[in-house]
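Visitor: I am new to this structure, and I would like to look closely at a single part of it rather than skim the whole. Please choose a place to begin and lead me from there through whatever it touches.

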Amino acid sequence: MSTEARWRRTRSPQSIISNWRSKAISGAAALLLPLAATVGLASPAEAAASATATYAKASDWGSGFEGKWTVKNTGTTTLTSWTVEWDFPAGTKVTSAWDATVTNSASHWTAKNLGWNGTLAPGASVSFGFNGVGSGAPTGCKLNGASCDGGSTNPGDNAPSAPGKPTASDITNTSVKLSWSAATDDKGIKNYDVLRDNAKVATVTGTTYTNTGLTAGTDYSYTVVARDTADQTGPASAPAAVRTTGGGGGENPGGSGKINLGYFTNWGPYTVKNLVTSGSAPKITHINYAFGNVQNGKCTVGDAYEDYEKSYSADQSVDGKADAWDQPLRGHFNQLRKLKAQYPHIKVLWSFGGWTWSGGFGQAVQNPTAFAQSCYDLVEDPRWADVFDGIDLDWEYPNACGLTCDTSGPASIKNMMQAMRAKFGPNNLLTAAITADGSNGGKLDAADYGGAAQYINWYDVMTYDYFGAWAAQGPTAPHSPLTSYSGIPAQGFNSADAIAKLKAKGVPASKLLLGIGFYGRGWTGVTQSAPGGSATGPAAGVEPGNQYYKVLKNTCPATGTIAGTAYAHCGTDWWSYDTPATVGSKMTWVKNQGLGGAFFWEFNGDTVNGELVSAISNGLK
């Protein structure tokens with residue numbers, strides 16, 4: 001069972017929805033006031049034959065959608081203002097808008113630039129967006145009184161579509177081969193611009209390009225833009241993140257090639273900025289952002305407000321800059337984007353499920369292809385596609401019991417991962433947090449983890465929460481034993497047995513990460529200092545029987561070690577937890593076993609100076 005099982009902050013769906021609705025309605029009301037007050041057709045601004053306006057539906061949540069218009073100056077002179085007009089069919093309308101003044105006369109809609117975004121230099125572009133209802137698409141588009149596809153110079157010629165997201169292959173220290181699916185256009189595609197970190201590096205006629213002269217061990221971002229026979233350019237593809245090989249030894253900043261991954265929870269109080277102030281950011285390699293939900297066979301947003309709506313002040317923000325009220329992305333996602341700009345070696349995965357939200361996987365695996373598509377659409381949403389480098393599925397547990405019992409069968413995990421890899425492709429990370437029950441006939445024997453391993457990058461093996469005060473009278477036992485020991489309450493409930501079982505099932509050692517808990521589990525009413533004592537119930541903590549390491553190191557210091565982890569007896573309380581010393585010994589074991597590295601739950605349990613993160617990083621070198 002995962003820590004999140006018994007320690008996640010409880011927020012009812014009703015309270016989350018109420019909180020979200022109160023913000024959404026108040027914001028929408030403020031945005032709608034100018035719509036109601038200024039209904040009417042604005043007069044066209046100056047005509048500009050060398051400009052285009054393109055539309056895209058950024059997202060659709062069933063009861064509404066987000067639309068986005070992009071105006072681009074394709075000419076050679078500066079554009080000083082712009083007006084975009086279009087028609088919606090009956091039943092489709094704008095409900096709120098940003099970065100433009102949007103008005104309407106019946107089904108005809110007009111958007112005019114604001115005071116700060118009307119001037120466009122040659123080649124420059126600007127976007128504005130809106131929320132709407134209805135299923136219709138815009139028609140009859142005009143930009144400054146001329147056709148949106150480029151004006152009178154090429155009437156009736158639409159701009160090309162976005163090419164497919166580039167796929168990287170043949171990555172070396174200094175080069176990478178990029179491939180993408182072709183864009184479409186009503187008059188034909190002429191060529192493609194390849195952009196690296198938003199700067200054009202090549203123009204090619206085909207759908208492949210090899211970029212050379214790169215720096216080893218460096219992160220790059222690539223997009224592709226199509227140009228039609230009239231030299232109109234369309235929207236850019238989704239970005240593809242590429243890291244060249246070499247340059248210091250792989251994943252771990254210390255040069256070991258080992259992974260140091262931490263879970264970041266979206267319910268706080270730990271913030272993305274704390275990763276910087278604690279000194280942890282340069283020492284980790286990956287972040288699992290927890291959690292997205294699994295509902296009705298789909299990946300869904302877990303908490304929209306915390307994820308991408310909440311505003312951060314300058315003193316709360318990673319880069320010291322406050323969020324603007326009208327910026328398209330805020331919340332943790334924007335802070336993670338800022339973190340990656342400062343620490344480009346960090347990869348971020350969006351983790352779905354967890355103890356509370358694993359109940360939806362049983363339905364999802366009935367149609368794994370559709371589920372994979374829904375997850376891809378959400379993770380690769382244009383608003384935050386650059387934030388995430390892949391997806392993690394925290395399914396607790398396939399064909400076994402967690403908060404609820406799943407009966408999807410032994411092949412369910414393999415079928416799920418096969419569909420996910422097929423959709424996410426070879427260059428997105430695909431991982432899974434899995435049980436560490438190494439007992440005979442236990443949870444690891446209930447599903448085909450060996451068969452699924454061929455599709456994933458690694459497993460986060462949850463080698464913690466073996467024992468705790470859910471057994472209120474004890475016996476006391478370490479919740480994260482590295483090995484078995486005389487008197488252990490259950491055989492197979494230790495890290496070594498779990499890892500050995502996974503290896504025996506054919507999982508490569510390099511695809512296994514050892515789990516570390518940044519917290520302790522404890523009992524009260526305990527008189528015996530050594531493990532195996534009786535108790536009267538859970539010790540007091542942030543929840544009964546749970547407490548962060550950063551608290552326990554001071555309130556109940558370790559008094560002994562057993563099976564590679566620490567325990568503490570103070571008064572009548574008995575706790576077990578990992579310390580920097582035991583973490584160091586576990587990392588030595590990780591290297592001796594040839595494992596891929598380690599992961600931990602979760603950042604908030606560490607000290608303000610990141611003691612445990614440092615212990616993992618130093619131990620993996």
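**Two helices and their surroundings**

Guide: The buried residues of helix H14 are covered by parts that include strand E17, strand E24 (512–517), helix H12 (549–555), helix H13 (580–593) and strand E31 (597–601), where contact means heavy atoms within 4.5 Å. This is a predicted model, in which local features need pLDDT of at least 70 and side-chain atom pairs count only at pLDDT 80 or more, while totals for chains, interfaces and linings use all residues. Residues are numbered from 1 along each chain as its sequence is written, and side-chain values use heavy atoms, with hydrogens and water left out.

Helices (H or I, at least four residues) and strands (E, at least two) are DSSP runs, numbered from the N terminus. In H14, which spans residues 611–620, 8 of the 10 residues are buried, so the helix is largely enclosed by the rest of the structure; buried means under 20% relative accessible area, exposed over 50%, and partly exposed in between, with a 1.4 Å probe and protein chains only. Among the buried residues of H14 are Leu612, Val613, Ile616 and Leu620. The loop between H13 and E31 holds Gly594, which counts as partly exposed at 31% relative accessibility. Leaving aside neighbours within four places in sequence, Gly594 is in contact with Lys258, Ala509 and Ser510, and its C-alpha lies 8.9 Å from that of Leu512, although the two are 82 residues apart in sequence.

Strand E17 (259–265) leads us to the part I would like to examine most closely, for this strand is also included in what covers the buried residues of helix H5, as are helix H3 (272–277), strand E18 (286–295), helix H4 (304–309) and strand E20 (347–353). Helix H5 itself runs over residues 331–342, 12 in number, and reaches 17 Å from its first C-alpha to its last, close to the 16 Å expected at 1.5 Å a residue, the expected span being 1.5 Å times one less than the number of residues. Of its 12 residues, 9 are buried, and H5 is therefore mostly covered, by the cut-off of under 20%. The buried ones include Phe333, Leu336 and Leu339, and also the charged residues Lys338 and Lys340.

Leu336 and Leu339 both return in the surroundings of Ile287, which, apart from neighbours within four places in sequence, is in contact with residues including Leu261, Phe264, Leu275, Val348 and Phe603 as well as those two. Together with Phe371, Ile391, Met420 and Tyr459, Ile287 touches the most other members of the largest nonpolar core, which has 98 residues; such a core is a set of buried Ala, Val, Leu, Ile, Met, Phe, Trp, Tyr and Cys residues joined through side-chain atoms within 4.5 Å. Another core lies apart from it and has 22 residues, among them Ala53, Trp86, Ala100 and Ala111.

The two lysines of H5 lead to another kind of link. Side chains of opposite charge can pair when their charged atoms come close, and a salt bridge is here a side-chain nitrogen of Lys or Arg within 4 Å of a carboxyl oxygen of Asp or Glu. Lys338, buried at a relative accessible area of 14%, forms a salt bridge with Asp319, the closest N and O atoms being 3.0 Å apart. That pair links distant parts of the chain, 19 residues apart, with Asp319 in the loop between H4 and H5; Asp319 is partly exposed, at 31%. Lys338 also forms a salt bridge with Asp323, whose closest atoms, N and O, are 3.9 Å away. Asp323 lies in the loop between H4 and H5 and Lys338 in H5, so this pair ties together parts that are 15 residues apart in sequence, and Asp323 counts as buried at 12% relative accessibility.

Lys340 meets Asp389 in a salt bridge at 2.7 Å, N to O. Here the link spans 49 residues, from H5 to the loop between helix H8 (368–379) and strand E21 (390–394), and both partners are buried. Elsewhere, salt bridges that share partners join Lys190, Asp193, Arg227 and Asp231 into one network, and the structure holds 16 salt bridges.

To set this part within the whole, the protein chain has 14 helices and 31 strands, and 54% of its 621 residues are buried. Among its contacts with a separation of 6 or more, 72% are between residues 24 or more positions apart.
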